[in-house]
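User: Please take a close look at one part of this model, the place where the two chains meet. Start from a single side-chain contact and work outwards.

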Number of protein chains: 2
Amino acid sequence: MKEIKSISALAACFSQLPGVGRKTALRYAYAVVDMSEEQVDGFCVALNDVKDSVRFCSVCGNFTDAEVCDLCRTRKSDKICVVAYPKDVAAIEKSGAFDGAYHVLHGTLSPMSGRTPDDLNIKSLMARLDGVDEVIVATNPDVEGEATAVYLARLIKPMGIKVTRIAQGISMGSELEYADAVTLSQALGRRTLL
Amino acid sequence: MKEIKSISALAACFSQLPGVGRKTALRYAYAVVDMSEEQVDGFCVALNDVKDSVRFCSVCGNFTDAEVCDLCRTRKSDKICVVAYPKDVAAIEKSGAFDGAYHVLHGTLSPMSGRTPDDLNIKSLMARLDGVDEVIVATNPDVEGEATAVYLARLIKPMGIKVTRIAQGISMGSELEYADAVTLSQALGRRTLL
């Protein structure tokens, strides 16, 4: 069956979204046919609203629709939790375990993909370290996340500020049997006294 | 974390798409923040293009951007394959096993959800049966699909037209062990001579 041109074009747009392949994109495009005129208009307005209103917080780099985000305005900033992406802020906030401020790097160091410290939101982090007691590096526990943590520690520790890293070990509710070797050896090496 | 208003609004739009829940919709909405101005504009144009140009074929009810769809214009119509939805046409076309014309009902009979013959695209099917040898009912092998098939057979057979149903049985490549009881008993009951 020859595909309808406008459907293919819309499917191409949908397939720019994360995790959307060709088949899903086509399914979405066909669903738009069934939408009302008002729904499609509303969709367009919403798309443009996001593009126009959402920017990065000038202090921490998280998403916001103001100059400075809610979290920066309301939280004490003596503890700063450094994460790679805005979605990591959302994950930590959901846990409710942290009540300090955040800083979003928008990536991690990666010599392989050519991401150097200049590509990350590090300058603005250094600019806000006055009066900060502790910087918690909450990047992912992978090679790039670890490299970023080590880099930040070397940069910040000489300023007399404590730099910490989120703990690594066995996840809550997981089974030893299925844990990978590196995680297991980390969990053993960093065992704590009961 | 308080959610950004325009992000929530866009996520609500995305969650109207089939199979998109709240979490996926939010992920899509945040992805739009990273898109360029041009990409978002292109998205809007594509959405409106689909809404403006795609309609249902006046003969068979399938999606088209013309008055009559490609399949209706190019295929012989002595055999008509009746399906519930446009996506079923796409599935059969992909198999390459049918070279006749189609008719899309836009649903199946369902007394439970109040879908009667008047709600389906049946009138236009009756109007195109002149010179037709065979009507193949390719609705899904479930209660509603079967009911629709029986209804159509009662309606069309008296006109001297052959009405057939797609075969039911064990799927190619599947394992007997995992087949459900109804499918197995159908496969046994309709066994063919080797």
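Analyst: Start with one pair. The side chains of Q16(A) and Q39(B) are joined by a polar contact of 3.4 Å. The model is predicted, and side-chain atom pairs count only at pLDDT 80 or more.

Q16(A) sits in the loop between α1 and α2 of chain A. Its relative accessible area is 38%, so Q16(A) is partly exposed. Leave aside the neighbours within four places in sequence. Q16(A) is then in contact with M35(B) and Q39(B).

Now widen the view to the interface. Between chain A and chain B, nine residue pairs are in polar contact, with both residues at pLDDT 80 or more. On the chain A side, the elements that give two or more residues are α1 (5–14), α2 (22–33), α3 (37–53), β2 (63–64), α4 (70–74) and α5 (86–95). The top contributor on that side is α3(A), with 15 residues. By class, the side of chain A that touches chain B holds 29 nonpolar, 10 polar and 14 charged residues.

The contact count is 53 residues of chain A with 53 residues of chain B. The size of an interface is often given as the accessible area lost when the parts come together. Here, chain A and chain B bury about 4,400 Å² between them. Carbon and sulfur atoms carry 72% of that area. Charged residues do appear on the chain A side, 14 of them. Yet the rule finds zero salt bridges across the interface of chain A and chain B.

Next, take α2(A), one of the elements listed for the chain A side. This helix has 12 residues. From its first C-alpha to its last, α2(A) reaches 17 Å. That is close to the 16 Å expected at 1.5 Å a residue. The buried residues in α2(A) are A25(A), L26(A), Y28(A), A29(A), A31(A), V32(A) and V33(A). An α-helix has 3.6 residues a turn, so residues three or four places apart point the same way. Within chain A, the buried residues of α2(A) pack against α1 and α3. Across in chain B, they pack against α2 (22–33), α3 (37–53) and β2 (63–64).

Which residues does S6(B) touch, beyond those up to four places away in sequence? They are D49(A), V50(A), S53(A) and V54(A). S6(B) itself is placed in helix α1 (residues 5–14) of chain B. Its relative accessibility is 9%, so S6(B) counts as buried. Compare the starting residue: Q16(A) is partly exposed, whereas S6(B) is buried.

Where, then, are salt bridges found? Over all chains, a search of the whole structure finds eight. Side chains of opposite charge can pair when their charged atoms come close.

Take chain A. E144(A) and R115(A) meet through their side chains in a salt bridge, 3.3 Å from N to O. The pair links distant parts of the chain, 29 residues apart. E144(A) is in helix α7 (residues 143–156), and R115(A) is in the loop between β4 (101–104) and α6 (123–126) of chain A. E144(A) counts as partly exposed at 28% relative accessibility. R115(A) is also partly exposed, with 27%.

In chain B, R75(B) and E93(B) form a salt bridge through their side chains, at 2.7 Å from N to O. R75(B) lies in the loop between α4 (70–74) and β3 (79–83), while E93(B) is in helix α5 (residues 86–95) of chain B. These partners are 18 residues apart. R75(B) is partly exposed, with a relative accessible area of 22%. E93(B) has a relative accessible area of 14%, so it is buried.

Chain B has another such pair, R115(B) with E144(B), whose closest N and O atoms are 3.2 Å apart. R115(B) lies in the loop between β4 (101–104) and α6 (123–126) and E144(B) in helix α7 (residues 143–156) of chain B, so the salt bridge ties together parts 29 residues apart in sequence. R115(B) is partly exposed at 27%. E144(B) is partly exposed at 29%.

Back to the interface: zero salt bridges there, nine residue pairs in polar contact, and the Q16(A)–Q39(B) side-chain contact at 3.4 Å.

Methods:
Residues numbered from 1 in each chain as written. Chains lettered and ligands numbered in written order. Predicted model: local features only at pLDDT ≥ 70, side-chain atom pairs only at ≥ 80, totals over all residues. Heavy atoms only, no water. Contact = heavy atoms within 4.5 Å. Buried area = accessible area lost by both parts, 1.4 Å probe. Salt bridge = Lys/Arg side-chain N within 4 Å of Asp/Glu carboxyl O. Polar contact = N/O pair within 3.5 Å; in protein donor to acceptor, adjacent residues only side chain to side chain. Helix = DSSP H or I, 4+ residues; strand = E, 2+ residues; numbered from the N terminus. Nonpolar A, V, L, I, M, F, W, Y, C, P; charged D, E, K, R; others polar. Expected span 1.5 Å × (residues − 1). Buried < 20%, exposed > 50% of the residue type's maximum accessible area, 1.4 Å probe, protein only.
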